[in-house]
Amino acid sequence: MFTQCQKPVIASLEHDPLYLCQMSVAENTRRGREPPPAATAAVDGAIQLFAQLLPLQDVAQTTRIVTQLLGSAGSTKLEKNTGRKAAALVNTTFAVVLTLRQGTSNSARQVIGNSQVSGPLASFLKDVVVDSDPILRKASSEAIGRLASLAGTNFLTSQVKTLVDQVVSNRDPHGRAGCALAFGAIHAHVGGLAAGPLLKTTANVLMSLINDPHPVVHFWALSALARVIDAASLAYAPFVSSTLGLLFKVYMTESHEPDGGQLSYVNISGDLPAYQVVCQNIDAVITVLGPDIQESTRTRTLVLDLVHQFIEEEDDGICVEAIKCIQHFLMFAPDHVNVPDLVLRFRGYLSSSRRPLKLASINALYQLVQRDALSMSKLGGDQLVEELFAMLDDDSSVDGVRNVIASWLQQTVIYNPSAWIDLCQRI
């Protein structure tokens with residue numbers, strides 16, 4: 001590969017600007033984006049090729065290539081051109097991320113997981129994860145998580161220790177947010193079993209960061225905690241009580257409100273919706289508790305109170321996440337939910353002009369119909385079915401409506417076929 005980089009094969013497609021432009025246009029058209037300039041498309045194509053070829057090299061060759069790549073990104077020659085330096089950093093980071101995504105085979109794991117390769121990469125990512133650019137922080141945190149899943153237990157332990165030290169010593173909000181993201185990525189990619197011994201440390205650090213009044217810090221710490229809970233699953237059970245107490249505290253804290261409280265200038269555009277990720281954490285906790293949520297009145301009441309508060313919020317995103325929480329709660333403790341009130345609320349959302357809220361309501365109604373269509377017939381009656389049919393007329397692209405009607409029909413038509421026939425004739 002090194003030889004190919006130094007002496008490219010002229011006839012190969014990666015050196016054909018026309019082909020690269022055509023592929024770039026096709027890809028961006030599919031994603032609904034404007035195609036990049038030819039030079040940018042050529043760099044993107046080179047990064048993709050690099051990511052595919054690097055995992056196929058041996059340890060010695062990979063070590064040389066990684067050393068050359070990281071050396072180029074940190075070259076002192078770039079100091080005079082800040083734009084070029086930033087571009088080199090971004091391209092290098094994403095080349096590493098894409099390579100780690102490709103390196104899932106056993107041979108690639110042995111090469112990339114080797115200390116000669118993982119060591120320099122970890123040192124590079126350690127500095128990038130505290131960068132002020134949120135895109136770089138997200139990319140480097142993913143790379144740290146994937147690298148930890150390839151490099152073994154000792155590397156995993158050292159990475160967590162490094163992140164803890166950075167959180168303690170680095171008071172910059174962007175740096176602390178990046179460390180929080182890395183904690184979440186490590187647990188997500190390593191898995192709950194391998195990362196189990198580090199769960200207590202991770203949970204304590206993230207809970208501390210969630211209390212940070214800065215929106216950038218507590219938002220990304222909340223996001224990371226949700227990933228940790230999902231990855232840990234039942235192993236997170238000992239931390240459920242303290243987590244719910246923290247989430248309630250977050251809801252009551254002024255600095256964590258949607259407007260960002262006193263730091264609203266950071267969150268004025270709504271890019272850091274703390275309440276949405278609080279709902280995601282509640283949803284993850286409900287999944288961890290499972291049927292056991294029925295046994296603890298205190299826990300069940302606290303969860304329901306929080307969800308009911310969030311579903312009353314005017315923000316669509318918060319309502320959608322709260323509906324997802326209710327759906328999971330219905331799976332494990334349906335007897336403790338006021339279904340008639342829910343049906344009435346979801347019916348109101350069906351006529352909403354806000355598509356995400358409408359889709360979430362349809363999914364929730366589908367769950368209720370699947371669970372007990374006869375009860376839904378008593379609660380909603382023909383009027384609700386007519387509203388669903390009307391939605392097909394208004395916007396046939398709305399997902400899930402046909403599923404709700406079909407499930408309802410299949411479960412109840414045998415008991416009263418004439419009612420369905422009359423309903424269809426009226427429609």
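**Figure 1. Overview of the all-chain content: 22 helices and zero strands.** The protein chain is shown as a predicted model. Its 427 residues include a buried share of 46%. Contacts with a sequence separation of 6 or more were also sorted by range. Residues 24 or more positions apart account for 70% of them.

**Figure 2. The largest nonpolar core, with 127 residues.** Four residues have the most contacts inside this core: Tyr236, Ile282, Phe310 and Trp408. The close-up centres on Tyr236. Residues up to four places away in sequence are not counted here. Beyond them, Tyr236 touches Leu199, Ala203 and Met207. Leu225 and Ile229 are also touched by Tyr236, as are Thr243 and Val288. In soluble globular proteins, nonpolar side chains tend to be buried together.

**Figure 3. Packing of helix α11 (residues 199-210) on helix α12 (residues 215-232).** The two axes are 8 Å apart, at an angle of about 155°. An angle over 145 degrees counts as roughly antiparallel, so α11 is roughly antiparallel to α12. Their crossing is left-handed. From α11, the contact uses Leu199, Thr202, Leu206, Leu209 and Ile210. From α12, the contact uses Val217, His218, Ala221, Leu222, Ala224, Leu225, Val228 and Ala232. By class, the contact residues of α11 and α12 comprise 11 nonpolar, two polar and no charged. Two of these residues also appear in the Tyr236 view: Leu199 and Leu225 are touched by Tyr236.

**Figure 4. Crossing of helix α5 (residues 82-102) and helix α7 (residues 115-128).** Their axes come within 12 Å and cross at roughly 125°. That angle makes α5 oblique to α7. The crossing of α5 past α7 is left-handed. Leu89, Thr92, Thr93 and Val96 form the α5 side of the contact. Leu121, Phe124 and Val128 form the α7 side. The residues of this α5 and α7 contact are five nonpolar, two polar and no charged.

**Figure 5. Helix α20 (residues 373-394) against helix α22 (residues 417-426).** Here the axes lie 11 Å apart, and the packing angle is about 45°. The two helices, α20 and α22, are therefore oblique to each other. The crossing of α20 and α22 is right-handed. Asp382, Val385 and Glu386 of α20 make the contact with Trp420, Leu423 and Arg426 of α22. The residues in this contact of α20 with α22 divide into three nonpolar, three charged and no polar.

**Figure 6. Phenylalanine 248 in helix α13 (residues 240-252).** Phe248 has a relative accessible area of 39%, so this residue is partly exposed. Setting aside neighbours within four places in sequence, Phe248 is in contact with Leu302 and Leu306. Phe248 and Val303 are 55 residues apart in sequence. In space, the C-alpha to C-alpha distance between Phe248 and Val303 is 9.1 Å.

**Figure 7. Serine 352 in the loop between α18 (339-350) and α19 (355-371).** The relative accessibility of Ser352 is 11%. Buried means under 20%, so Ser352 counts as buried. Apart from neighbours within four places in sequence, Ser352 is in contact with Leu357 and Lys358.

Definitions and conventions: Residues numbered from 1 in each chain as written. Predicted model: local features only at pLDDT ≥ 70, side-chain atom pairs only at ≥ 80, totals over all residues. Heavy atoms only, no water. Core = buried A, V, L, I, M, F, W, Y, C linked by side-chain atoms within 4.5 Å. Buried < 20%, exposed > 50% of the residue type's maximum accessible area, 1.4 Å probe, protein only. Contact = heavy atoms within 4.5 Å. Axes fitted to C-alpha atoms, helices over the stretch in contact; angles between N-to-C directions. Helix = DSSP H or I, 4+ residues; strand = E, 2+ residues; numbered from the N terminus. Parallel < 35°, antiparallel > 145°, perpendicular 65-115°, else oblique. Left-handed = near helix turned anticlockwise from the far one by under 90°. Nonpolar A, V, L, I, M, F, W, Y, C, P; charged D, E, K, R; others polar.
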